Amino acid sequence: MGNKVSGASSLKKREIKEYMQRTHFDYNEIDALYNHFKSIASSKNDDGVIDRKEFQSALGLSESLFLDRMFQLFDDKNIGQINFTEFLSGLSILCTRGTLEEKIQFSFRIFDFDNDGKISKQELGSMLHTSLKENKVYMTTEQIGHVVDSTFKEADTNGDGFIDFDEYKALVDNHPSILSNMTIDFKRVIDTRSEATEKPSN
């Protein structure tokens, strides 16, 4: 399944060149990503879009709240499906050529669950909890609360009980590791998928 699109891309040269202007990818990368996307989208129904489960497969992510937030941000229309343009636009930010500003804005939106332009203690605590769980690091609720309080003590410079974007940006400047999950090796993901689809079925 998925191998039927392994040949020439269905994208026209004009379309690829337009994507090149709007993303950080070159001609061959866009072509490869399109074929990768199509192989995922057609694994069940060849509908030209991917749902959350297919998105997880496309990026090789583990099941987590982080995955949920990633999918929600890629899904611009908020319809539970992602088309190729949305997929490419989001991945352009997360690739190694994505700018620091792009990654800061994207990561801020991941924490900002309700999209109100600020991060609450509850939002930070929820994301911290899932991140620790994904990395198999155990902390008690009390310990997580202490980390959240310490983070707010440093970042919430205006004392309003929230972290706004400027405060978050300053926090990232002091702690660049916050962006450690904001870079995806898309070539490795494609290679892993290709190896999986090429294995003979029993």
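This passage walks through a predicted model of one protein chain, from its overall layout down to single residues.

The chain holds 10 helices and 2 strands. Followed along the sequence, these elements come in the order α-α-α-α-α-α-β-α-α-β-α-α. Measuring along the principal axes is one way to picture the overall extent, and on that basis the C-alpha atoms fill a box of roughly 55 × 40 × 30 Å. Of the 202 residues in the chain, 42% are buried. When contacts with a separation of 6 or more are considered, 57% of them join residues 24 or more positions apart.

Helix H4 is a good place to start looking inside. Here 7 of the 10 residues are buried, so H4 is largely enclosed by the rest of the structure. The buried ones are Phe66, Leu67, Arg69, Met70, Phe71, Leu73 and Phe74. And what lies over them? The cover includes H3, along with helix H5 (84-94), helix H6 (100-111) and helix H7 (121-134). At the N-terminal end of H4, serine 64 acts as a cap, with a side-chain oxygen 3.3 Å from the backbone nitrogen of phenylalanine 66.

Aromatic rings turn up in pairs in this model, and the count comes to 11 aromatic pairs. Take phenylalanine 55 and phenylalanine 71: their ring centres are 5.5 Å apart and their planes stand at 65°, which is over the 60 degrees needed, so this pair is edge-to-face. Phenylalanine 55 belongs to helix H3 (residues 52-59) and phenylalanine 71 to helix H4 (residues 65-74), so the pair ties together parts that are 16 residues apart in sequence. Both of these phenylalanines are buried. Elsewhere, Tyr19, Tyr34, Phe37, Phe84 and Phe87 come together as one aromatic cluster.

Rings also have charged partners. Arginine 69, one of the buried residues of H4, lies over the face of phenylalanine 113, at 5.1 Å from the ring centre. In a second case, lysine 118 places its charged end over the ring of phenylalanine 162, 4.1 Å from the centre of that ring.

Two packed helices can be described by the angle between their axes and the distance between the axes. For H6 and helix H9 (residues 165-174), the angle is about 115° and the axes are 10 Å apart. Their crossing is right-handed. On the H6 side, Glu101, Ile104, Gln105, Ser107, Phe108 and Phe111 take part, and they meet Phe165, Tyr168, Lys169 and Val172 of H9.

The loops have their own stories. Threonine 23 sits in the loop between helix H1 (13-22) and helix H2 (27-41). Is this residue buried or exposed? Its relative accessible area is 10%, which is under the 20% limit, so threonine 23 counts as buried. The side chain of threonine 23 reaches the backbone oxygen of tyrosine 19 at 2.8 Å. A polar atom of that same threonine 23 side chain also lies 3.3 Å from the backbone nitrogen of phenylalanine 25. Leaving out residues up to four places away in sequence, threonine 23 touches Ile30, Leu88 and Ser92.

Serine 62 is another loop residue, this time between H3 and H4. With a relative accessibility of 35%, serine 62 falls between the 20% and 50% limits and therefore counts as partly exposed. Which residues does serine 62 contact, once neighbours within four places in sequence are set aside? They are Gln56, Leu67 and Glu134. Serine 62 and glutamate 134 are 72 residues apart along the chain, yet their C-alpha atoms are separated by 7.9 Å.

Finally, a pair of asparagines deserves a look. Asparagine 78 has a phi near 55°, a positive value in a residue other than glycine. Asparagine 78 is found in the loop between H4 and H5, and its relative accessible area of 66% is over 50%, so it counts as exposed. Asparagine 115 likewise has a positive phi, near 55°, and is a residue other than glycine. Its place is the loop between H6 and strand E1 (118-119). At 63% relative accessibility, asparagine 115 is exposed too.

Notes. Residues are numbered from 1 along each chain as its sequence is written. This is a predicted model: local features need pLDDT of at least 70, side-chain atom pairs count only at pLDDT 80 or more; totals for chains, interfaces and linings use all residues. Side-chain values use heavy atoms; hydrogens and water are left out. Rings of Phe, Tyr and Trp (its six-membered ring) pair if their centres lie within 6.5 Å; planes under 30 degrees apart count as stacked, over 60 as edge-to-face and the rest as tilted. Helices (H or I, at least four residues) and strands (E, at least two) are DSSP runs, numbered from the N terminus. Buried means under 20% relative accessible area, exposed over 50%, partly exposed in between (1.4 Å probe, protein chains only). A charge sits over a ring if NZ of Lys or CZ of Arg is within 6 Å of the ring centre and within 35 degrees of the ring normal. A polar contact is a pair of N or O atoms within 3.5 Å; within protein, one must be able to donate a hydrogen and the other to accept it, and residues adjacent in sequence count only if both atoms are side-chain atoms. Contact means heavy atoms within 4.5 Å. Axes are lines fitted to C-alpha atoms, for helices over the stretch in contact, and angles run from 0 to 180 degrees between N-to-C directions. A crossing is left-handed if the near helix is turned anticlockwise from the far one by less than a right angle, and right-handed if clockwise.
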